[in-house]
Structure formats: C-alpha cells, structure tokens
Amino acid sequence: MDIVGFLKSQFICHLLICYIFIVSGLIINFIQLFTLILWPIDKQLFRRINCRLAYCISSQMVMLLEWWSGTDCTLYTDPESYHKYGKENAIVILNHNFEIDFLCGWNFCERFGVLGSSKVLAKKELSYMPIIGWMWYFLEIVFCKRKWEEDRKTVMQKLLNLRDYPENFWFLIHCEGTRFTEQKHQASMQVAEAKGLPKLKYHLLPRTKGFAVTVQCLRNVVSAVYDSTLNFRNNENPTLLGVLNGKKYHADLYVRQVIYILILFLAYKSVYLHK
C-alpha cells in the first residue's frame, strides 16, 4: 500500500473529514435558517441562495466519491441527449441496488451543473436529520410518509410549488421505493405474478403512484425523463465506509431519454388504474 492509500485508511483522517463536514454543514444550515427572511420578500432570491448553500454541502460528498476514493463513474448515453443534460428540467429514474446509489446520482448531477438544485422524493424522517435533511428542507424537497392517502395532497402541493423554480433542476426518483435485496426481490416478484405483471430479474416492482403524480404536476415544467441504470463492475458491493477508506470502485451509469409524451400518457393510465 502506498503512503496516500495508507493515510486514507487511517481513523484520524476519517475523523478530520467528518469534523469538517459536520461543522461546515451546521454552519450552512444556520445560514439557511436566516435566509427565511427573504421568502416573503423575494422567493426566487431565497431559492437561488439556497441552491448555492446546498451545493456547499452536497459537493463535499461528491468530492469524497470522486477525489478521495477515486471511484470511476462512466456515463453511457447517446450524443443527442448528452448535449441537453443540465440545460433542461428533468425527472431522473434510478435503480436502488447499492449503498452509494445516491452519491452516483449526485455525481451525475454535478457533471451537468444541477447538483445544488437537484430534488428527491424522500422519506419524511430524513427531514429531521441535521445537515443533509435540513439542507433538503430549504431546497423544498418533497418528503412523504409512504402512506399514500396521507401523502397525496402534501406531495402534490409541494410538486406544484416547484413549477416556478428559477434554476434548472433534476428530480431524482428511486421508483423501487427501497434498496434491492434477494428477499425483497422474491416478495416483489410474487406480487408481480399475482397481478399478472412482468417478472423483473434485477429490479423490484416499481411503485408508480409517486412517479405518476410527479410527472403530472411537473408536466409543463419538466422537459425530459431520463431512465438510468447503475451497476458496479466485478461484482463490487460499494459502501460508504469503503468510500471513506479511499477504496476505488468502478461504476457504469446507463442513461437514456424517454419520450415525455409517452411517459405522461402512462402516468395518467397508472393513476386511473389505481383509483
């Protein structure tokens, strides 16, 4: 092991990284709290400022993946779509197999300048988590309790509030709803069989309600839907601890743009079938 690799594996280095992240994150959260005075005066200025403040937090995590661990994340897509990335609002559909999926999603956002303004559909509990959860609160992230009858009105209202967002943003959704495991996959395929749906080999049965409502609420704002699949080579099982230890992983991200009119039609059909 070289000297750099040795240093990356040392607890004192990990402690320093965590200290910097926690202290800087809490300071940024504190600044974000004071930006609330801008909301009734100039909502768009509030949003622009919070995009930059959020970037100061999330970019540290991306730096940890790219520069500290040296993880390669190779993007595969068609050239025609590539030139549009970052220049339009989009919904990004991601699979959820690995512990660092969200970091690779942020890496994708960072490449095209939308990391600070990126959105997610997240569990309500995360809104109480210091630093990232609080950062998301000021970014107007859509939180849900995973109880559709309770979530429907709240989720729709929060999505509609994004229709006048001043920055280009990507809305990242893990449609499977939870991280892939063999047990969850078997249970999911039993449900698929009972409902007469296709059996998926590497994914859980997607949850369509949240996605369908997102597409409908943002239909005049979002220009594209990016269907993304992430995988790691050589059967790697990446972890946050591995990244912190400087372990290098090799990720492949396949992205294709889906015809938005077709997505909108399927979203309406999904909602109709679930009524």
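**Aromatic pairs, salt bridges and surface patches**

In this predicted model, W170 is buried, with a relative accessibility of 0%. With the cut-off for burial set at under 20%, W170 sits at the bottom of the scale, since none of its relative area is accessible. Its ring partner is Y226, which also counts as buried at 0% relative accessibility. The count of aromatic pairs comes to 18, and two of them are worth a closer look. One is F30 with F34, an edge-to-face pair with 5.0 Å from centre to centre and 75 degrees between the planes. These two residues both belong to helix α2, which covers residues 11-34, and because they are four residues apart there, about one helical turn separates F30 from F34. The other is W170 with Y226: the ring centres are 5.6 Å apart and the planes stand at 80 degrees, so this pair is edge-to-face as well. Here the contact links distant parts of the chain, with W170 in strand β5 (residues 170-174) and Y226 in strand β6 (residues 224-232), 56 residues apart. The angle explains the label for W170 and Y226, because planes over 60 degrees apart count as edge-to-face and this pair has 80 degrees. W170 and Y226 also turn up together in one aromatic cluster, where they are joined by Y82, Y85, F108 and F112.

Next come the charged contacts. Side chains of opposite charge can pair when their charged atoms come close. In this model the count comes to eight salt bridges. One of them brings the side chains of D164 and R47 together, at 2.8 Å from N to O. That bridge spans a long stretch of sequence: D164 is in the loop between α7 and β5, R47 is in helix α3 (residues 43-68), and the two positions lie 117 residues apart in the numbering. How do the two ends compare, buried or partly exposed? D164 is partly exposed, with a relative accessible area of 35%, whereas R47 is buried at 0% relative accessibility. Both residues are also part of a network of salt bridges that links K43, R47, E140 and D164.

Helix α3 and the loop between α7 and β5 are tied by another bridge too, that of R48 with E167. The closest N and O atoms of R48 and E167 are 3.8 Å apart, which is inside the 4 Å limit for a salt bridge. R48 lies in helix α3 and E167 in the loop, so the pair ties together parts that are 119 residues apart in sequence. As for accessibility, R48 counts as partly exposed at 37%, while E167 counts as buried at 19%. E167 gets that label because buried means under 20% and its value is 19%.

A further salt bridge joins D227 to R256, with 3.1 Å between the closest N and O atoms. Since D227 lies in strand β6 and R256 in strand β7 (residues 250-258), this bridge ties together parts that are 29 residues apart in sequence. D227 is partly exposed, at a relative accessible area of 23%.

On the surface, two patches can be described. The nonpolar one is made up of L16, Y19, I20, V23, I27 and I31, which together have about 570 Å² of accessible area. I20, one of its members, is placed in helix α2 and is partly exposed, with a relative accessible area of 46%. The positive patch is formed by K123, R146, R179, K184 and R207. Of these, K184 is found in helix α8, which covers residues 182-195. K184 is partly exposed at 35% relative accessible area, so this residue clears the 30% that a patch member has to exceed.

Two spacings between C-alpha atoms round off the picture. Q157 is placed in helix α7 (residues 148-161) and is partly exposed at 45% relative accessibility. From Q157 to C217 there are 60 residues in sequence, but in space their C-alpha atoms are 8.7 Å apart. V120 lies in strand β3 (residues 119-123) and counts as buried, at 14% relative accessibility. How far apart are the C-alpha atoms of V120 and D151? They are separated by 15 Å, with the residues 31 apart along the chain.

Methods:
Residues numbered from 1 in each chain as written. Predicted model: local features only at pLDDT ≥ 70, side-chain atom pairs only at ≥ 80, totals over all residues. Heavy atoms only, no water. Patch = residues over 30% accessible without salt bridge, like charges linked within 9 Å, V, L, I, M, F, W, Y side chains within 5 Å. Areas by Shrake-Rupley, 256 points an atom, 1.4 Å probe, with all protein chains shown as cover. Lys, Arg positive; Asp, Glu negative; His and termini not counted. Charge placed at Lys NZ, Arg CZ, Asp CG, Glu CD. Buried < 20%, exposed > 50% of the residue type's maximum accessible area, 1.4 Å probe, protein only. Phe/Tyr/Trp six-rings, centres within 6.5 Å; stacked < 30°, edge-to-face > 60°.
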